[in-house]
Amino acid sequence: MPELTVLAPAKINLHLEVLGLRADGYHELAMVMQSLDLADTLVFNPTADGQISLSCDNADLPTDGSNLIVRAAELLRARSGLPELGARIDLQKRIPIGAGLAGGSSDGAAALVGLNALWGCGFSAAELLAMAAALGSDMPFCLEGGSQLCFGRGERLEPLALAQPPGLGVLLIKHPQASVSTPWAYGRCREMRGDFYLEHEADFAQRRDALRHSPLLAAMAGKAPLPRLRNDLQAVVEPEVESVRQGLALLRGLDGALAVAMSGSGPSLFALFSDLAGATAAQAALVGPLAAAGFESWCCRCTGSGATLGPAAAPL
Ligand code: C5P
């Protein structure tokens, strides 16, 4: 079997609403997730020694059993009942690490897609989605990608029926030293807003329906201007993390930005533009202030796909 390549796209949250707390301790969410054409590449080679080994061009990333790629490979192999299966996996990392862009989850989803093909396991899309949900809340979305409503703890997907992905350009920024722990952000959200959490399924259902008919979805279908974006975790993280406050202030000052928000639990931030050229021009306009404040930045576009078997992407 020749080597096999899978693209693992980043995502941003165009909407992240914390509805309440679930019996399993997770938060009940109503989100709109959007894949980006900023992607990692995973290259798979089969081995017959029962070893799963991971290498990466970024030394900051652990390549041991804590990496979601290795955990996904081990779960897939366990479900296949064939312990002799092995693979050498090389990760070319382009998505910023620990950023709220689902880089780790997308790599894990790509491992499920790649190894299902490489090992000829023949698991269905539904079986892969169930494995993804067992590994992480964002992983089912990363498998399917595109533009989707995500409910439950993030794993209940409803694809948006868009003729094409929103033609938006995205300027992403992240401070390399900033990091936000996702469990901390949700814990702080509970402390700050727990008294206002909804408690009943009927109320959750009403909020889901409101999102299905929201101005944001009309905007994504090209039928309305983009409204102000909502991320409930931003309200928690912004007061506590200096670089998030500083970065949001820089992005909010940009001409032509249609919306500005934090992605997921942060600390990456994004500004949306009507096209890629708008994002690139904004990046050029901010080059001095971004460098002075120590931010890294990336420009990309929305894409309609999740983890995809295929040739390597042009590096971004
Ligand atoms: O599922 P995942 O491992 O990505 O979640 C990481 C952490 O984020 C969880 O342990 C939990 O603290 C928090 N979380 C949550 N509600 C969600 C998703 C994540 O409280 N819906």
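Me: Which residues does His175 touch, not counting residues up to four places away in sequence?

Reply: Quick ground rules: this is a predicted model, so local features need pLDDT of at least 70 and side-chain atom pairs count only at pLDDT 80 or more, while totals for chains, interfaces and linings use all residues. Residues are numbered from 1 along each chain as its sequence is written, and side-chain values use heavy atoms, with hydrogens and water left out. His175 is found in the loop between strand E7 (169–174) and helix H5 (182–193); helices (H or I, at least four residues) and strands (E, at least two) are DSSP runs, numbered from the N terminus. With contact taken as heavy atoms within 4.5 Å, His175 touches Ser243, Ala293, Gly294 and Phe295.

Me: Is His175 buried or exposed, and what is its relative accessible area?

Reply: The cut-offs are under 20% relative accessible area for buried, over 50% for exposed, and partly exposed in between (1.4 Å probe, protein chains only). His175 falls under the lower limit, so it counts as buried, with a relative accessible area of 16%.

Me: Which backbone oxygen does the side chain of His175 reach?

Reply: A polar contact here is a pair of N or O atoms within 3.5 Å; within protein, one must be able to donate a hydrogen and the other to accept it, and residues adjacent in sequence count only if both atoms are side-chain atoms. At 3.2 Å, the side chain of His175 reaches the backbone oxygen of Ala293.

Me: What are the domains of the protein chain, and how many Å separate their centres?

Reply: The bounds come from an automatic or database domain assignment, and it gives domain 1 (4–161) and domain 2 (169–301). Taken over C-alpha atoms, the separation of the two centres is 22 Å.

Me: How much area do domain 1 and domain 2 bury between them?

Reply: Buried area is the accessible area (1.4 Å probe) that two parts lose on being put together, summed over both. Carbon and sulfur atoms take 65% of the total for this pair, which is about 3000 Å².

Me: Which three residues supply 20% of the area that domain 1 buries against domain 2?

Reply: No other three residues give more of the domain 1 share. They are Leu14, Leu16 and Leu19.

Me: How many salt bridges does the rule find across the interface of domain 1 and domain 2?

Reply: The rule asks for a side-chain nitrogen of Lys or Arg within 4 Å of a carboxyl oxygen of Asp or Glu. A search of the whole structure finds 18 salt bridges. Across the interface of domain 1 and domain 2, the number is five.

Me: How many residues apart in sequence are Arg208 and Glu28?

Reply: The side chains of Arg208 and Glu28 meet in a salt bridge (2.8 Å, N to O). Arg208 sits in helix H6 (residues 201–212) and Glu28 in strand E2, so to speak distant parts of the chain, 180 residues apart.

Me: Which residues are joined with Arg193 and Asp232 into one network by salt bridges that share partners?

Reply: Asp232 forms a salt bridge with Arg193, with the closest N and O atoms 3.1 Å apart. Asp232 lies in helix H8 (residues 232–237) and Arg193 in helix H5, so the pair ties together parts that are 39 residues apart in sequence. Asp232 is buried at 6% relative accessibility, whereas Arg193 is partly exposed at 22%. The other members of the network are Glu17, Arg207 and Arg230.

Me: How many residues does the largest nonpolar core have?

Reply: A nonpolar core is a set of buried Ala, Val, Leu, Ile, Met, Phe, Trp, Tyr and Cys residues joined through side-chain atoms within 4.5 Å. Phe44, Ile89 and Trp119 are among those with the most contacts inside the largest one, whose residue count is 72.

Me: Which helix is the place of Ile69, and how many Å apart are Ile69 and Gly108 in space?

Reply: Ile69 is in helix H1 (residues 68–80). Its relative accessible area is 0%, so Ile69 is buried, and Leu42, Leu54 and Ile89 are among the residues that Ile69 touches. Ile69 and Gly108 are 39 residues apart in sequence, yet their C-alpha to C-alpha distance is 4.3 Å.
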